[in-house]
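Here's a quick briefing to read with the model open next to you. It goes through the sheets, the helices that cover them, the pocket and a few backbone oddities.

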Amino acid sequence: MATLKIATFNVNGIGTRERHLLEWLEKESPDVACLQELKAIDQKFPAKALADIGYGAIWQGQQSWNGVAILAKGQKPIETRRGLPGDPGDTHSRYIEAAAHGIVVGCLYAPNGNPQPGPKFQYKLAWMDRLLAYARALYGCGHPVVLAGDFNVVPTDIDIYNPKSWLKDALLQPAPREKYRQLLGQGWVDSLRHLNPDKRIYTFWDYFRQHWPRDAGLRIDHLLLNETLAPHLVDAGVDRWVRGGEKASDHAPTWITIEDPAETQELSVAPKPRRATSARRPAAPPRSRRKGT
């Protein structure tokens with residue numbers, strides 16, 4: 001019975017934490033891994049080091065900020081999109097998408113939005129609106145799809161150690177929480193919460209006030225599954241040991257296991273990478289041959 005392990009990991013600087021990344025990949029061996037906050041230009045991405053341990057990769061870097069990547073064990077992901085449609089002036093490296101191991105993978109790094117109120121918070125909300133519009137089309141594309149990454153939203157109070165300490169933070173404001181609910185309202189399944197409806201699970205512990213030693217965490221890294229992929233979800237978890245390493249990222253890798261993922265059309269030639277513009281329709285994965293798609 002075939003299984004597929006899909007993970008997301010905000011590395012918080014791939015130059016600083018390349019060793020942590022490689023150690024995690026070799027130990028946990030995910031089939032697909034989405035990375036966020038590369039904080040490095042494209043030329044500084046460690047493609048050779050990843051290839052040496054069996055991972056193909058696509059990435060979109062950015063100097064000092066942002067940056068996203070998708071890794072696939074034993075193959076190179078086939079890129080289908082980079083950047084969300086709807087704002088041709090947005091130069092942030094926050095979304096990249098590919099086909100890998102028979103599924104469509106959308107890797108995202110949503111804006112933090114602090115300080116709020118202010119322009120950064122407004123950008124966060126506008127970006128989430130663009131995500132909502134694109135995700136609706138992606139959800140029903142006919143292929144198994146996972147949207148994975150750092151959403152920078154704490155969905156509910158069970159997803160944080162103490163909401164009172166973060167009442168003014170953008171991650172807990174009603175507006176982004178509502179947009180996350182709207183995303184789930186499209187049908188997307190929050191995999192960790194689906195399998196653990198009442199459990200406190202954290203994926204992020206900041207560097208201040210001894211939050212890691214006190215297990216004072218937040219759950220902001222999510223893997224959302226569309227209706228084609230969700231029935232195959234069998235397990236989910238967080239590799240907390242990575243966060244406990246010396247000079248580690250403030251996030252821990254979050255993962256799911258899929259059993260017998262639905263059959264999809266394999267792509268043999270990668271389409272030319274595209275940046276989203278307002279003049280283009282959202283790029284969708286190749287059409288399924290299933291009835292009704």
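Before the sheets, one term: two strands count as paired if DSSP finds at least two bridges between them. Keep in mind that this is a predicted model. With that in hand, one open sheet here has six strands in the order β3-β4-β2-β1-β12-β11, and its pairing is mixed. Another open sheet, also of six strands and mixed pairing, goes β5-β6-β7-β8-β10-β9.

**The sheet with β1**

- At the edges of this sheet sit β3 (55-60) and β11 (233-238), each of which pairs on one side only.
- Ignoring direction, neighbouring strands in this sheet are turned by 15° against each other on average.
- Look at β1 (residues 3-10) and β12 (residues 254-259): this pair is antiparallel and is joined over six bridges.
- Which residue in β12 is the bridge partner of Lys5? Thr257 is the partner.
- Helix α1 (residues 18-28) lies across β1, β2 (32-36), β3 and β4 (68-73). The helix runs at about 165° to β1.

**The sheet with β10**

- Here the edge strands are β5 (78-82) and β9 (189-190), and again each pairs on one side only.
- Strand β9 is joined to β10 (residues 221-225) by two bridges, and the two strands run antiparallel.
- If you want a residue to click on, take Val189: its bridge partner in β10 is Leu225.
- Helix α4 (residues 174-185) lies across both β9 and β10. Its direction is at about 25° to β10.

**Aromatic pairs**

- The structure holds six aromatic pairs.
- One of them is Tyr139 with Trp188, an edge-to-face pair with 5.2 Å centre to centre and 70° between the planes.
- Why does this pair tie together parts that are 49 residues apart in sequence? Tyr139 lies in helix α3 (residues 119-139) and Trp188 in the loop between α4 and β9, so the contact links those two parts.

**The largest pocket**

- The largest pocket holds about 650 Å³ of space.
- Its lining is made up of 27 residues, and the closest to the pocket centre are Glu37, Trp65, Tyr109, Asn112 and Asn152.
- How do the lining residues divide by type? There are 10 nonpolar, nine polar and eight charged residues.

**Backbone oddities**

- Check the peptide bond from Asn114 to Pro115: it is cis, with omega near -5°. Pro115 sits in the loop between β7 (103-109) and α3.
- The peptide bond from Gln116 to Pro117 is cis too, with omega near 0°. Pro117 also belongs to the loop between β7 and α3.
- What sign does phi have at Asn12? Asn12 has a positive phi, about 55°, although it is not a glycine. You'll find Asn12 in the loop between β1 and α1.

Definitions and conventions:
Residues are numbered from 1 along each chain as its sequence is written. This is a predicted model: local features need pLDDT of at least 70, side-chain atom pairs count only at pLDDT 80 or more; totals for chains, interfaces and linings use all residues. Side-chain values use heavy atoms; hydrogens and water are left out. Helices (H or I, at least four residues) and strands (E, at least two) are DSSP runs, numbered from the N terminus. Contact means heavy atoms within 4.5 Å. Axes are lines fitted to C-alpha atoms, for helices over the stretch in contact, and angles run from 0 to 180 degrees between N-to-C directions. On a 1 Å grid over the protein atoms alone, a cavity is a set of points where a 1.4 Å probe fits but cannot get out, and a pocket is an open set with protein on both sides within 12 Å along at least five of seven lines; lining residues have an atom within 4 Å of a point. Grid points are joined across faces, edges and corners, and a volume is the space filled by probe spheres set on the points. Ala, Val, Leu, Ile, Met, Phe, Trp, Tyr, Cys and Pro count as nonpolar, Asp, Glu, Lys and Arg as charged, and the others, Gly among them, as polar. Rings of Phe, Tyr and Trp (its six-membered ring) pair if their centres lie within 6.5 Å; planes under 30 degrees apart count as stacked, over 60 as edge-to-face and the rest as tilted.
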